[in-house]
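Biologist: Could you zoom in on one spot in this model for me, and then walk outward until I can see how the rest fits around it?

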Amino acid sequence: MVYVGMDHGTTGISFAIMNESQVLDVFKISREDSKAGKVSAIEELSKRVDLDDIELMIITYAMGDGISTILPMERVENRGILSIGGAGKVTGGGTSVYSEIENANLPVLMIPGIHKNCEWLGPLFRAAYSHHASPEKISIVYNAYLETNWENMIVADISSNSVDLLVEDGIIKGAIDACCGAMGVVHGPLDLEMIRDIDDGKRTANECFSHAGAIKIAGIDNKVAFMKDELLNNYRNGDEKAKLAIDTMIMTVAMEIAGLIAVSKNEIEGIVLTGSIGSMKDPVDFEKELNKYFKNKYQTKIISSESGAIGAAQIARDIAHGKREIMGIKVEL
């Protein structure tokens with residue numbers, strides 16, 4: 001028997017396949033290709049594993065703000081979301097994959113997002129923000145927990161957007177969403193200039209959010225799938241704006257992590273880095289540059305940039321083995 005995890009990411013949809021002890025395969029399909037019908041998630045999955053051998057599959061979808069526990073797919077209404085609005089670029093690729101899985105007659109559970117209706121979240125975080133993180137951040141945290149055994153940690157997922165999470169006593173207690181805190185490559189917080197642009201009707205809030213990351217500083221305006229590569233290529237070529245953009249992004253991530261450490265009730269055991277940028281060593285050693293701010297005070301651990309899909313598969317395996325709580329989140333079968 002095998003277990004499958006799915007990460008509904010910004011630039012693509014990733015799948016991890018594992019058995020009882022190890023990851024067997026990880027693959028990604030393009031959102032654009034999925035929407036255009038050029039690729040089928042179920043067909044790609046069936047090339048790698050007999051679908052009848054899947055004991056359990058865990059998936060994530062969009063903001064996940066319509067549910068607050070881990071639920072069977074058939075019990076989830078409206079795909080587990082309140083609205084598709086305000087979620088960054090919408091291509092329809094994730095929607096088509098969801099429909100494929102829904103029609104495949106597989107045993108599937110869905111992970112919730114982190115939002116104000118999650119009772120396991122810290123009450124001050126619930127009061128402060130309506131939304132904290134999308135569902136794959138929970139699977140990322142679970143993978144981080146299994147990799148480190150840290151009960152008290154910060155998990156930093158840095159890629160198209162940046163989301164940092166606080167774990168206390170093995171429970172997710174808080175997180176800061178991309179639109180509220182640190183910059184990622186593409187997405188970032190809305191500052192005064194952007195709020196004025198929105199009020200003046202120059203851009204929508206979502207358009208501002210989708211151009212508020214490092215690309216804003218680097219002067220890059222391309223398709224989301226190409227923005228990171230363009231930024232890094234410019235950096236390699238010595239472009240000053242690209243260097244400033246990446247340095248600024250790292251500073252904002254350090255500020256956010258430091259803020260979460262400051263409000264933690266427990267002593268932090270370490271910082272876990274993941275995401276396409278967070279796990280990067282070249283051309284930017286993200287861990288090294290981040291540690292300049294923390295002066296190596298905290299132990300750091302880099303986990304796979306595919307930790308969202310891998311963690312989801314690990315959750316599937318452990319729920320199949322009888323686990324009924326994941327990082328403080330109830331499993332309802």
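**From one residue to the whole chain**

Modeller: Let's start with Asp-197, which counts as buried because its relative accessibility is 13%; buried means under 20% relative accessible area, exposed over 50%, and partly exposed in between, using a 1.4 Å probe and protein chains only. Keep in mind that this is a predicted model, in which local features need pLDDT of at least 70 and side-chain atom pairs count only at pLDDT 80 or more, while totals for chains, interfaces and linings use all residues. Residues are numbered from 1 along each chain as its sequence is written, and side-chain values use heavy atoms, with hydrogens and water left out.

Asp-197 sits in helix 6, residues 192–199. (Helices are DSSP runs of H or I with at least four residues, strands are runs of E with at least two, and both are numbered from the N terminus.) Setting aside residues up to four places away in sequence, Asp-197 touches Lys-202 and Arg-203, where contact means heavy atoms within 4.5 Å.

Now step out to the chain, which has 13 helices and 15 strands. One sheet is open, with 5 strands in the order 11-10-9-12-13 and mixed pairing; two strands pair if DSSP finds at least two bridges between them. Strand 11 (171–176) and strand 13 (299–302) are its edges, each pairing on one side only. Neighbouring strands in this sheet are turned by 20 degrees against each other on average, ignoring direction. Strand 13 pairs with strand 12 (residues 270–274) in the parallel sense, over 4 bridges, and Val-272 stands opposite Lys-301 there. Helix 12 (residues 286–294) lies across strand 9, strand 12 and strand 13, at about 150 degrees to strand 12. Those angles run from 0 to 180 degrees between N-to-C directions, with axes fitted to C-alpha atoms, for helices over the stretch in contact.

Back at the N terminus, strand 1 (residues 2–8) is largely enclosed by the rest of the structure, because 7 of its 7 residues are buried. Both faces are covered, with Val-2, Val-4, Met-6 and His-8 on one side and Tyr-3, Gly-5 and Asp-7 on the other. Strand 1 runs parallel to strand 4 (residues 54–59), joined by 4 bridges, and Val-4 has Met-57 as its bridge partner. Strand 2 (residues 12–18) pairs with strand 1 in the antiparallel sense over 6 bridges, with Tyr-3 opposite Met-18 and a hairpin of 3 residues joining the two strands.

What about the packing? Nonpolar side chains tend to be buried together in soluble globular proteins. Here the largest nonpolar core has 79 residues, and those with the most contacts inside it include Leu-165 and Leu-231; such a core is a set of buried Ala, Val, Leu, Ile, Met, Phe, Trp, Tyr and Cys residues joined through side-chain atoms within 4.5 Å. Helix 10 (residues 240–263) gives the most to this core, with 10 residues. Leaving aside neighbours within four places in sequence, the contacts of Leu-231 include Val-185, Ala-214 and Ile-246. A second, separate core of 29 residues includes Met-6 from strand 1, along with Ile-13, Phe-15 and Ile-67.

Overall, buried residues make up 55% of the 333 in the chain. Among contacts between residues at least 6 apart in sequence, 66% join residues at least 24 apart.
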